[in-house]
Amino acid sequence: MTSTSTEFRPAELGTLVVLAWSGEAPDGSDMPYLLAYSLGDTAGGPEATAVAVERLLERNGLPRGGELVDGTSRPSLPVSLLVEAGQAVVRMPQLVAQADAPPEWLAAIRARGYAYLVFTTRAWPEGEPGKAVEPAALAEFAGAEETLSAAAHVVLPATTLRG
């Protein structure tokens, strides 16, 4: 009998959410950020979704713990960002996730040509899709050491359908 414990099933992630926002970067201009996380809403709860997200990140060569992966210099990176019709679409094998992109995020992505993705294994049940996220709550979750150290950090070049 063959073990399938390392097989990845997208349903194991639970509800995966991607949020787009922009904020001031160290250089003084706006940085387009993307935060990807699970709600932790599978039968196994947040612990199981953390394992599933970690497996997804590992399968795609995205280390956790703060090491920055620069996708602008790695054309073979299996993660991509499509920006089209006011949406940010993050794609990787077996996964497509999209977020509404606010106008200030779209302006920042046009100016920079890339976004900073934080894809964390830490579940955030309060960050439900379709529900307004208060800026303070987003800053608290996204900026928490627990979130950042459990995340892959990726600079993703933006592409569009228009070329």
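This report walks through one helix and a set of charged pairs in a predicted model.

**Helix α1**

Let's begin with helix α1, which covers residues 45-59. At 1.5 Å a residue, its 15 residues should span 21 Å, and the end C-alpha atoms are indeed 21 Å apart, so expectation and model agree. After the helix comes Gly-61, a residue with a positive phi near 70 degrees.

Which residues of α1 are buried? They are Gly-45, Thr-49, Ala-52, Val-53, Arg-55, Leu-56 and Leu-57. These buried residues pack against several strands: β2 (30-38), β5 (87-92), β6 (95-100), β7 (114-120) and β8 (151-159).

**A closer look at Thr-49**

Thr-49 is a good residue to find on screen, and it belongs to helix α1. Its relative accessible area is 0%, and because buried means under 20%, Thr-49 counts as buried. What is Thr-49 in contact with, leaving aside its neighbours within four places in sequence? The list is Glu-12, Leu-13, Gly-14, Ser-38, Gly-40, Asp-41, Thr-42 and Ala-123.

**Charged pairs**

Side chains of opposite charge can pair when their charged atoms come close. How many salt bridges does the structure hold? There are 6, and the table shows some of them, with the N to O distance for each pair.

| Salt bridge | N to O distance |
|---|---|
| Arg-9 and Glu-12 | 2.8 Å |
| Arg-122 and Glu-146 | 3.7 Å |
| Lys-131 and Glu-128 | 3.6 Å |

Take the pair of Arg-122 and Glu-146, which meet in a salt bridge. Arg-122 sits in the loop between β7 and α3 (135-142), while Glu-146 is part of helix α4 (residues 145-149), so this pair ties together parts that are 24 residues apart in sequence. Arg-122 is partly exposed, at a relative accessible area of 24%, whereas Glu-146 is exposed, at 51%.

Next comes the salt bridge between Lys-131 and Glu-128. Lys-131 has a relative accessible area of 46% and is partly exposed; Glu-128 is partly exposed too, with 38%. Elsewhere, salt bridges with shared partners join Arg-9, Glu-12 and Arg-55 into one network. Within that network, Arg-9 is partly exposed, with a relative accessible area of 37%, and Glu-12 is partly exposed, with 24%.

**Where the two topics meet**

The network and the helix share a residue: Arg-55 is joined with Arg-9 and Glu-12 through salt bridges, and Arg-55 is also among the buried residues of α1. Glu-12, in turn, is one of the residues in contact with Thr-49.

How values were computed. Residues are numbered from 1 along each chain as its sequence is written. This is a predicted model: local features need pLDDT of at least 70, side-chain atom pairs count only at pLDDT 80 or more; totals for chains, interfaces and linings use all residues. Side-chain values use heavy atoms; hydrogens and water are left out. Helices (H or I, at least four residues) and strands (E, at least two) are DSSP runs, numbered from the N terminus. The expected span of a helix is 1.5 Å times one less than its number of residues. Buried means under 20% relative accessible area, exposed over 50%, partly exposed in between (1.4 Å probe, protein chains only). Contact means heavy atoms within 4.5 Å. A salt bridge is a side-chain nitrogen of Lys or Arg within 4 Å of a carboxyl oxygen of Asp or Glu.
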